[in-house]
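Me: I would like to learn how to read a protein model feature by feature. Can we go through one together?
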Amino acid sequence: MTLLFRAADLIAERVADADVECLQPLLEQCEDYHQLVYGRPATGDEARRMPSERPPGLTPEQPHLLALRDAHGRSVGVLEGLRDYPSPGEWYLGLLLLAPEVRGQGRGEAVLRAYADWGRAEGGRLLRLAAVEQNEAGRRFWARMGFREEKWVGPLEQGLRMNRLVRMTMALD
């Protein structure tokens, strides 16, 4: 795995699509997130399905799946994003998820800042994401970090739920 950046006491390493199974225990540990967004726990193949759920037509350089590891090398978070999507210079943050025991300690903020710095250094000028309506804590986090609401979409079927999502953006200037 390739080290991409450090954030607080975590390191972000690229995970190859062939190695996504290493993230399955983390995804299962984050049942609260999966219940909130999908209305069910993580499925047994949740990690394996991640690469196949990306938008069609991407080049191999666009997607990045990152394991966020603690000092012991344990995966305590995951970040999935796309560079130059949907347009050049725009980076789409599809998932930033931390294990319950490492939340609320400033690590999410540190990871987002380090990711934004990395994106900026790679030519990114804008970060995009979509947050589900019922994830009020998540939407507050994104707003506190500088994301602005752009547009509400949905309802869209996600797992067992029909979700409304808000598209949000943050300039990387």
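Me: Leaving aside its neighbours within four places in sequence, which residues is R40 in contact with?
Reply: First, a caution: this is a predicted model. Now the case. Beyond those close neighbours, R40 is in contact with H34, Q35, E46, R49, G159 and L160. R40 itself is found in the loop between α2 (31–38) and α3 (46–49).

Me: Is R40 buried or exposed?
Reply: Compare the relative accessibility with the cut-off. Buried means under 20%. R40 has 17%, so R40 counts as buried. Its side chain also makes a polar contact with the side chain of E46, at 3.2 Å.

Me: And what about E109: where is it, and how does its accessibility class come out?
Reply: E109 is in helix α4. The relative accessibility of E109 is 23%, so E109 counts as partly exposed. Not counting residues up to four places away in sequence, E109 touches F141, R144 and M145. With R144 there is a side-chain to side-chain polar contact of 3.2 Å.

Me: How far apart are E109 and L65, in sequence and in space?
Reply: Keep the two kinds of distance separate. E109 and L65 are 44 residues apart in sequence. C-alpha to C-alpha, they are 18 Å apart in space.

Me: L65 belongs to a strand. How do I read the two sides of a strand?
Reply: In a regular strand the side chains alternate between the two faces of the sheet. Now apply that to β3, residues 63–69. P63, L65, A67 and R69 are on one side. H64, L66 and L68 are on the other. Both faces are covered, and seven of the seven residues in β3 are buried.

Me: Which strands does β3 pair with, and how do they run?
Reply: Count the bridges and note the direction. Four bridges join β2 (residues 10–14) to β3, and the two run antiparallel. On that side, R14 stands opposite L66, and I11 has R69 as its bridge partner. Seven bridges join β3 to β4 (residues 75–82), again antiparallel. There H64 stands opposite G81.

Me: What is there to read in the hairpin of β3 and β4?
Reply: Look at the turn length and at the sign of phi. The hairpin has five residues between the strands. Within the hairpin, G73 takes a positive phi near 80°.

Me: How many strands does the sheet have, and in what order?
Reply: Read across the sheet, not along the chain. This is an open sheet of eight strands with mixed pairing. The order is β1-β2-β3-β4-β5-β6-β8-β7. The edge strands are β1 (2–7) and β7 (148–158), each pairing on one side only. Neighbouring strands are turned by 25° against each other on average, direction ignored. Helix α2 packs on this sheet, touching β5 (90–98), β6 (126–132), β7 and β8 (161–171). The direction of α2 makes about 110° with that of β8.

Me: How are β7 and β8 joined?
Reply: Eight bridges join β7 to β8, which run antiparallel. L156 stands opposite N163. The two strands form a hairpin with two residues between them. G159 in the turn has a positive phi of about 60°.

Me: Which residues other than glycine take a positive phi?
Reply: Examples include A8 and D84, each with phi near 55°. A8 is found in the loop between β1 and β2, and A8 is exposed at 61% relative accessible area. D84 is in the loop between β4 and β5. D84 is partly exposed at 33%.

Me: Where are cis peptide bonds found?
Reply: Check omega. The bond from Y85 to P86 is cis, with omega near 10°. P86 lies in the loop between β4 and β5. The bond from G154 to P155 is also cis, with omega near 20°. P155 is in strand β7.

Me: Last, the core. Which residues have the most contacts inside the largest nonpolar core?
Reply: They are F5, V78, L127 and W142, in a core of 52 residues. Helix α4 (residues 107–121) gives the largest share, seven residues. Take F5 as one case. Its contacts beyond four places in sequence include L10, L66, V111 and W118.

How values were computed. Residues numbered from 1 in each chain as written. Predicted model: local features only at pLDDT ≥ 70, side-chain atom pairs only at ≥ 80, totals over all residues. Heavy atoms only, no water. Buried < 20%, exposed > 50% of the residue type's maximum accessible area, 1.4 Å probe, protein only. Polar contact = N/O pair within 3.5 Å; in protein donor to acceptor, adjacent residues only side chain to side chain. Contact = heavy atoms within 4.5 Å. Pairing = 2+ DSSP bridges. Core = buried A, V, L, I, M, F, W, Y, C linked by side-chain atoms within 4.5 Å. Axes fitted to C-alpha atoms, helices over the stretch in contact; angles between N-to-C directions.
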